[in-house]
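I am opening this notebook to keep track of what I look up, entry by entry. Each entry takes up one part of the chain or one kind of feature.

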Amino acid sequence: MAAAPPMNNSPITQVSQVQTPAHAGLQPQLLTRLFLELRARRFEVDRETIMNLPESVLLCLFPNGLVLSRQSVAVSDGGEGEEEEEVYAIDFDPDCFQFVLTFFRNASEAFYGTANSPGLYNAQQHLMFEANTEYHPGSNPLLSKQAIIVLREELEYFSIPPKDAGAATDANGIANDEMLEVKRRSGEYLMEKKNIFTALQRNVNKENNVAEQHLIDMLCMSGFNREDEWGYRALEPMRCCISSIALVLLKTGIMHHPNGERPVEVDYAQMTTAQKLLLFWRKPARKCWWDGLDVELPATGNQSAKTVKLWARRVWTLELSLV
C-alpha cells in the first residue's frame with residue numbers, strides 16, 4: 001500500500017497572522033465549537049474533537065480545508081462580540097460520522113478515564129520513566145496516547161447484465177427500469193459481503209501478490225481479525241457506491257492485568273510491530289484494485305434470477321490516529 005503524496009497544507013488550518021489586522025491589538029478568535037449539517041442532520045462538535053478525527057475523514061468533510069479561527073473579529077460597544085453560529089453544510093453520511101465520533105469518544109474515555117474511572121493511562125504512566133529509552137514517549141507516542149487503526153473502503157460497482165435481460169441504457173446513457181433494478185440488486189448483493197479481507201485475499205490468491213498478503217498479516221497482528229466485518233457500511237445515495245469503515249484499537253503490547261493484581265507489562269515484540277503503524281500517523285496510505293465476478297442475483301418479486309458480471313473498483317485508505 002503506497003503512501004499518499006505529501007501535502008503541504010493540513011485539512012485543518014488557521015488564519016495567517018502575517019497580514020495587519022483591521023483593529024490593532026486584536027487577534028483572530030479561535031472557534032470553540034463547530035456546527036455541521038450532514039445531509040440535513042445537525043451536529044455540534046467541539047474543536048478538540050475535530051482535531052482528533054482521522055485525516056482521511058477530515059478530507060471528506062472539508063475537501064477545501066477548514067479554518068478554525070475567525071477571519072474577522074466582531075467589535076461592539078459592550079465589549080467582545082458573541083460567537084455567531086456558522087453552519088457548515090457537508091455531503092457526508094451522518095450515521096458514519098456518528099459511528100466515528102462514538103468510537104473515538106469511548107476509546108478516549110477508556111484510556112484517559114472519566115470522573116468515575118481512572119482509565120488505562122493511569123496504570124501505565126510509569127512506563128514513560130523506565131530506563132529503556134528505546135520506548136521513551138519522546139520517540140514512541142504509543143506509551144502516552146490511545147492509538148486507533150482507521151481503515152476505509154470506497155467501492156464503486158458496475159453491473160453488466162446478459163444481453164437478453166432487457167436491461168440497457170438509451171443514447172444519452174440513461175438507464176431503463178430493468179437496468180436500474182439490476183444496479184439496485186447488485187448493490188444489495190455487495191452490501192451483504194461485509195467481511196473486510198475477503199476481496200483482498202481473493203486478489204492475493206489470484207495475483208500471488210506478496211505485498212498485499214503482508215498488508216493483511218500486518219493488520220491482523222495489529223488489532224484486526226481475519227474474519228472481522230466492517231464496523232459501518234452503507235450505500236451512497238444516487239450512486240453505485242458503497243462506503244465502509246472499520247476502527248480498531250492498535251495492539252501495542254501493553255498488558256493490563258485484571259483489577260491491577262500485577263503491574264502493567266510490555267510485550268516488546270508486539271510493541272515493535274505496533275510501531276510500524278506509526279508510518280500511517282497523519283499520513284494516510286491508499287490502495288486501489290479492481291475485482292470482477294460472475295454473480296447470481298436471486299429472483300425477487302416479479303424479477304427473475306439473473307447472472308451478471310459485477311465489477312468493483314475498491315479504494316482502501318489506511319491511517320493511524322492518536323487520541
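**Entry 1: a pair of helices**

I began with helix α6 (residues 198-207) and helix α7 (residues 210-222), which pack at an angle of about 145 degrees with their axes 9 Å apart. I looked up the handedness as well, and found that α6 passes α7 in a left-handed crossing. On the α6 side the contact is made by Leu200, Gln201, Asn203 and Val204, and on the α7 side by Glu212, Gln213, Leu215 and Ile216. I note for myself that two packed helices are described by the angle between their axes and the distance between the axes.

**Entry 2: the whole protein**

Before going further I recorded that this is a predicted model. I then looked up the overall make-up, and the secondary structure comes to eight helices and 15 strands. The protein has 323 residues, of which 41% count as buried. I also asked how its contacts are spread along the sequence: of those with a separation of 6 or more, 72% are between residues 24 or more positions apart.

**Entry 3: a sheet of three strands**

Next I turned to an open sheet of three strands, in which the order is β4-β3-β8 and the pairing is mixed. Which strands stand at the edges of this sheet? They are β4 (41-46) and β8 (87-90), and each has a single partner strand, so one side of each is left without a neighbour in the sheet. From one strand to the next, the twist averages 30 degrees.

I looked more carefully at strand β3 (residues 33-38), which pairs with β4 in the antiparallel sense over six bridges. In this pairing, leucine 38 stands opposite arginine 41 of β4. Helix α3 (residues 94-112) packs on the sheet, where it touches β3 and β4, and its direction makes about 25 degrees with that of β4.

**Entry 4: the loop between β3 and β4**

I stayed with this part of the chain and checked the backbone of two loop residues. Arginine 39 lies in the loop between β3 and β4, and its phi is near 50 degrees, a positive value in a residue other than glycine. Alanine 40 has its place in the loop between β3 and β4, and phi of alanine 40 is near 75 degrees, again a positive value in a residue other than glycine.

Is alanine 40 buried or exposed? Its relative accessible area is 71%, and a residue counts as exposed over 50%, so alanine 40 is exposed. Arginine 39, at 31% relative accessibility, counts as partly exposed.

**Entry 5: strand β11 and its partners**

I then followed β11, in which eight of the nine residues are buried, so that the strand is largely enclosed by the rest of the structure. Strand β9 (residues 147-160) and β11 run antiparallel and are joined by nine bridges; here leucine 151 stands opposite alanine 246 of β11. Strand β10 (residues 232-235) also runs antiparallel to β11, with four bridges joining the two. Leucine 235 has isoleucine 242 in β11 as its bridge partner. The hairpin of β10 and β11 has five residues between the strands, and in this hairpin methionine 238 takes a positive phi near 65 degrees.

As a reminder to myself, strands of a sheet pair through backbone hydrogen bonds, either parallel or antiparallel.

**Entry 6: serine 244**

Within strand β11 (residues 241-249) I picked out serine 244. Its relative accessible area is 3%, and serine 244 is buried. Which side chain shares a polar contact with that of serine 244? I found arginine 233, with a polar contact of 2.7 Å joining the two side chains. Leaving aside neighbours within four places in sequence, serine 244 is in contact with Leu151, Arg152, Glu153, Trp230, Tyr232 and Arg233.

**Entry 7: aromatic rings**

My last search covered the whole structure for aromatic pairs, and it finds eleven. I looked up the pair of tyrosine 112 and tyrosine 121, whose ring centres are 6.0 Å apart and whose planes are at 55 degrees, so the pair is tilted. Tyrosine 112 counts as partly exposed, at 31% relative accessibility. I also noted one aromatic cluster, formed by Phe197, Phe224, Trp230, Trp289 and Trp316. Trp230 was already in my entry on serine 244, as one of the residues in contact with that serine.

Technical notes. Residues are numbered from 1 along each chain as its sequence is written. This is a predicted model: local features need pLDDT of at least 70, side-chain atom pairs count only at pLDDT 80 or more; totals for chains, interfaces and linings use all residues. Side-chain values use heavy atoms; hydrogens and water are left out. Rings of Phe, Tyr and Trp (its six-membered ring) pair if their centres lie within 6.5 Å; planes under 30 degrees apart count as stacked, over 60 as edge-to-face and the rest as tilted. Buried means under 20% relative accessible area, exposed over 50%, partly exposed in between (1.4 Å probe, protein chains only). A polar contact is a pair of N or O atoms within 3.5 Å; within protein, one must be able to donate a hydrogen and the other to accept it, and residues adjacent in sequence count only if both atoms are side-chain atoms. Contact means heavy atoms within 4.5 Å. Two strands pair if DSSP finds at least two bridges between them. Axes are lines fitted to C-alpha atoms, for helices over the stretch in contact, and angles run from 0 to 180 degrees between N-to-C directions. A crossing is left-handed if the near helix is turned anticlockwise from the far one by less than a right angle, and right-handed if clockwise.
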